[in-house]
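User: Could you take a close look at one residue of this model for me, along with what surrounds it? I'd love a connected account rather than a list.

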Amino acid sequence: MGKAGYLTKKYTKGKFYIYVRQSYRESNSVKHRYLFSFGVMPEALNKMYRILEQEEPFPETLSESHFTLEDVYDWILTIETGVTSKGRSFLI
């Protein structure tokens, strides 16, 4: 079974929030469901580092969706470089 979501950002009230989100189709429209919130930047990046360094437990909701520490590492690179692993822009 594959992974059920992707990293996304949301700009609200002057701040960027980082989420893992899942998109699905329902009645000919695309809906979104947030699987996990890392919180507001730059604290979200710090939380990812703590998870990667295993100072914080790996979130159960992410492991249930088949995400691993390798995904967290990729998300850190995405935020720091501003480019996803598939070459899309992810500037904050």
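Analyst: Happy to! Ser-23 sits in strand β2, which spans residues 15-26; keep in mind that the model is predicted. With a relative accessibility of 32%, Ser-23 is classed as partly exposed. Beyond its neighbours within four places in sequence, Ser-23 is in contact with Tyr-6, Val-30, Lys-31 and His-32. Two of these contacts deserve a closer look, since the side chains themselves take part. The Ser-23 side chain makes a polar contact with the side chain of Tyr-6 at 2.5 Å, and another with the side chain of His-32 at 2.8 Å. Gly-5 also comes into the picture: its C-alpha atom is 7.1 Å from that of Ser-23, although 18 residues separate the two along the chain.

Now step back to Gln-22, which is found in strand β2 as well. Gln-22 counts as buried because its relative accessibility is 19%, and the cut-off for buried is under 20%. Setting aside residues up to four places away in sequence, Gln-22 touches Ala-4, Gly-5, Tyr-6, Lys-31, His-32, Arg-33 and Leu-35.

Strand β2 has a helix packed against it, too: the buried residues of α1 pack against β2, and also against β1 (6-12), β3 (29-40) and α3 (69-81). Those buried residues of α1 (residues 43-52) are Ala-44, Leu-45, Met-48 and Ile-51. They lie on the same side of α1, because the arc they cover around the axis is only 120°. Just past α1, Gln-54 adopts a positive phi of about 60°.

Note on methods
Residues numbered from 1 in each chain as written. Predicted model: local features only at pLDDT ≥ 70, side-chain atom pairs only at ≥ 80, totals over all residues. Heavy atoms only, no water. Helix = DSSP H or I, 4+ residues; strand = E, 2+ residues; numbered from the N terminus. Buried < 20%, exposed > 50% of the residue type's maximum accessible area, 1.4 Å probe, protein only. Contact = heavy atoms within 4.5 Å. Polar contact = N/O pair within 3.5 Å; in protein donor to acceptor, adjacent residues only side chain to side chain. Arc of directions from axis to C-beta.
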